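Student: I have a new model open and would love to walk through it with you. Shall we take it one question at a time?

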Amino acid sequence: MFTPTGFSPHLAICSDADTEEEEGPRESPGPGAWPSDGPPITSASLDTLIQHLVPTTDYYPEAKVRKFGPKILQLLTEWTETFPTDFREEKMVGLFKDIIHRIAPCDEAYWKTLNQVLQTLNQKLAAITQGEESIVRVNTSSVSSISDKLVAFKAKPPPIQKDMLSICHDPYTLAQQLTHVELEHLSNIGPEEFVQAFVQKDPLDSSQPCFSDQKKTTNLEAYVRWFNRLCYLVATEICMPAKKKQRAQVIEFFIDVARECFNIGNFNSLMAIISGMNMSPVSRLKKTWGKAKTAKFFILEHQMDPTGNFYNYRTALRGAAHRSQTANSNREKIVIPFFSLLIKDIYFLNEGCANRLPNGHVHFAKFVELARQVGEFMTWKQIECPFETDRSILHYLHTAPIFSEDGLYLASYESESPENQVEKDRWKALRSNILGKTKELKEHHGS
């Protein structure tokens, strides 16, 4: 037996029993007429109860809407905040507005809240679109900045190309600007991109991998490209100077930048710098390295050592995460993980654990751990960068010409002569190829 606001806490009460004896049981009216429209219903068939309690496309009891309205609002708010890209299609926006028109009339406060949710959603979608357009511009600049013709200018003082030290000579300032770039990339990555990258079409069917909708991972892929660009930029800056002393100064400068990145909590830029300095064209410059002070570099290398599944790095990351949780300023809240390793961890967790247990039940522990890792990342990416922007440095980071791998090797051989016959043969081939193209390009522009 139930009352107009729900089921009665008692199976029967005296007055109801008397009423049933005198008038007989009162059957519920048809769908659409909620019990509050008439006398309380004292009994009903199961089918009738289902008709009154379960909303359909055309019928939903107002009392239930009032009861569950706040929960629906909370769901819509969290959905639009966490997965705004779900609402880029007109169909989803239409469904969202349909829900608004169904529940908003029940309470004036709902109108205000839902309008705020819709306004915030529009702002998020506009920011996402702007971010994607920015990625396209940066990618265009980055691709066009891969230029090996600059190798031909190595022996011509003064240098024709600007270098990093002429743009920024303070390691801490450059580390701050790198953090700006990192946090901007992170802010554009949504949790749905991890899902698109690793989860199968049917979340409970591991037989069909899904890589079809690549546009949903645009921001994630752009972030990986930024890491690779920073590696090559560091290597280019080291290999470009014609004099050994200048190259050693660049090495020491980037060591100090890497140390500042570590102190800030920017592990992604830290690893990119270390990776760039460990590229073969750079590491083979033994005379240059001998001229530089490298003690701090080896300490940083130890922190990012892959031994023990990056044990040292993971320890440092936990320390940064703990600092972030107890921090009072945005400066101390910054945690930028080594992104490639984060992707690797999520990938192997998804691939290494079955979606279902042997008894057919959903492997809930797996999905909880996936949600924890992605959720932790979502917390870190929401930190606002506390450092002032230096547009000249940011512009240089995104547009400065970089060498390809062949260009780096040629610049390296031009700086320090090949040590064996294999290197000599490669040096000759690279000179013939790259410098020949440079000559043709000059002749073409001259004509």
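**A tour of the fold**

Tutor: Gladly, and let's begin inside a helix: Phe-310 is placed in helix H15. Keep in mind that this is a predicted model.

Student: Is Phe-310 buried or exposed?

Tutor: The cut-off for buried is under 20% relative accessible area. Phe-310 has a relative accessibility of 13%. Because that value falls under the cut-off, Phe-310 counts as buried.

Student: Which sign does phi take at Phe-310, and at about what value?

Tutor: Most residues other than glycine have a negative phi. Phe-310 is not a glycine, yet its phi is positive, at about 60°.

Student: And Asn-309, what is its phi, and is the residue buried or exposed, or partly exposed?

Tutor: Asn-309 lies in H15, which spans residues 307–326. Asn-309 is not a glycine either, and its phi is positive at about 55°. Its relative accessible area is 47%, so Asn-309 is partly exposed.

Student: Let's step back to the whole chain. How many helices and strands does it have?

Tutor: The chain has 447 residues, of which 41% count as buried. Among contacts with a separation of 6 or more, 72% join residues 24 or more positions apart. The secondary structure comes to 21 helices and 2 strands.

Student: Which residues touch the most other members of the largest nonpolar core?

Tutor: In soluble globular proteins, nonpolar side chains tend to be buried together. Here the largest nonpolar core has 81 residues. The members that touch the most others are Leu-174, Phe-194, Met-277 and Leu-397.

Student: Which helix gives the largest share of this core?

Tutor: The largest share comes to 11 residues. A second, separate core of 13 residues includes Leu-76, Phe-87, Ile-103 and Val-117. For the largest core, the helix you want is H9, residues 218–239.

Student: Leu-174 and Leu-397 caught my eye. Which residues of H7 and H19 meet?

Tutor: H7 covers residues 171–188 and H19 covers residues 391–399. Leu-174 belongs to the H7 side of the contact and Leu-397 to the H19 side. In full, Thr-173, Leu-174, Gln-177, Leu-178, His-180 and Val-181 of H7 meet Ile-393, Leu-394, Leu-397 and His-398 of H19.

Student: What is the class make-up of that contact?

Tutor: No charged residues take part in the contact of H7 with H19. The remaining classes are represented by 6 nonpolar and 4 polar residues.

Student: How are H7 and H19 oriented relative to each other?

Tutor: Their axes come within 10 Å and cross at roughly 65°. The crossing is right-handed. Angles of 65 to 115 degrees count as roughly perpendicular, so H7 is roughly perpendicular to H19.

Student: How far is Asp-390 from Leu-174 in space?

Tutor: Asp-390 lies in the loop between H18 (364–381) and H19. Its relative accessibility is 26%, so Asp-390 counts as partly exposed. In sequence, Asp-390 and Leu-174 are 216 residues apart, while their C-alpha to C-alpha distance is 9.2 Å.

Student: Now Met-277. Which residues of H11 and H14 make their contact?

Tutor: H11 (residues 267–277) and H14 (residues 295–303) pack at about 120°, with their axes 11 Å apart, and the crossing is left-handed. By class, the contact has 5 nonpolar residues, 1 charged and no polar. The residues are Leu-270, Ile-274 and Met-277 of H11 with Phe-297, Leu-300 and Glu-301 of H14.

Student: How many residues of H11 are buried?

Tutor: The buried residues of H11 include Phe-267, Leu-270, Ile-274 and Met-277. H11 is mostly covered, and the count is 10 of its 11 residues.

Student: Toward the end of the chain, what is the relative accessible area of Leu-410?

Tutor: Leu-410 sits in H20, residues 405–415. Leu-410 and Cys-239 are 171 residues apart in sequence but 9.2 Å apart in space, C-alpha to C-alpha. Leu-410 is buried, and its relative accessible area is 0%.

Student: Last one: which residues does Glu-423 touch, leaving out those up to four places away in sequence?

Tutor: Glu-423 lies in H21, residues 421–446. At 16% relative accessibility, Glu-423 counts as buried. Its contacts are Arg-284, Tyr-413 and Pro-418.

How values were computed. Residues are numbered from 1 along each chain as its sequence is written. This is a predicted model: local features need pLDDT of at least 70, side-chain atom pairs count only at pLDDT 80 or more; totals for chains, interfaces and linings use all residues. Side-chain values use heavy atoms; hydrogens and water are left out. Axes are lines fitted to C-alpha atoms, for helices over the stretch in contact, and angles run from 0 to 180 degrees between N-to-C directions. Helices (H or I, at least four residues) and strands (E, at least two) are DSSP runs, numbered from the N terminus. Angles under 35 degrees count as roughly parallel, over 145 as roughly antiparallel, 65 to 115 as roughly perpendicular and the rest as oblique. A crossing is left-handed if the near helix is turned anticlockwise from the far one by less than a right angle, and right-handed if clockwise. Contact means heavy atoms within 4.5 Å. Ala, Val, Leu, Ile, Met, Phe, Trp, Tyr, Cys and Pro count as nonpolar, Asp, Glu, Lys and Arg as charged, and the others, Gly among them, as polar. A nonpolar core is a set of buried Ala, Val, Leu, Ile, Met, Phe, Trp, Tyr and Cys residues joined through side-chain atoms within 4.5 Å. Buried means under 20% relative accessible area, exposed over 50%, partly exposed in between (1.4 Å probe, protein chains only).
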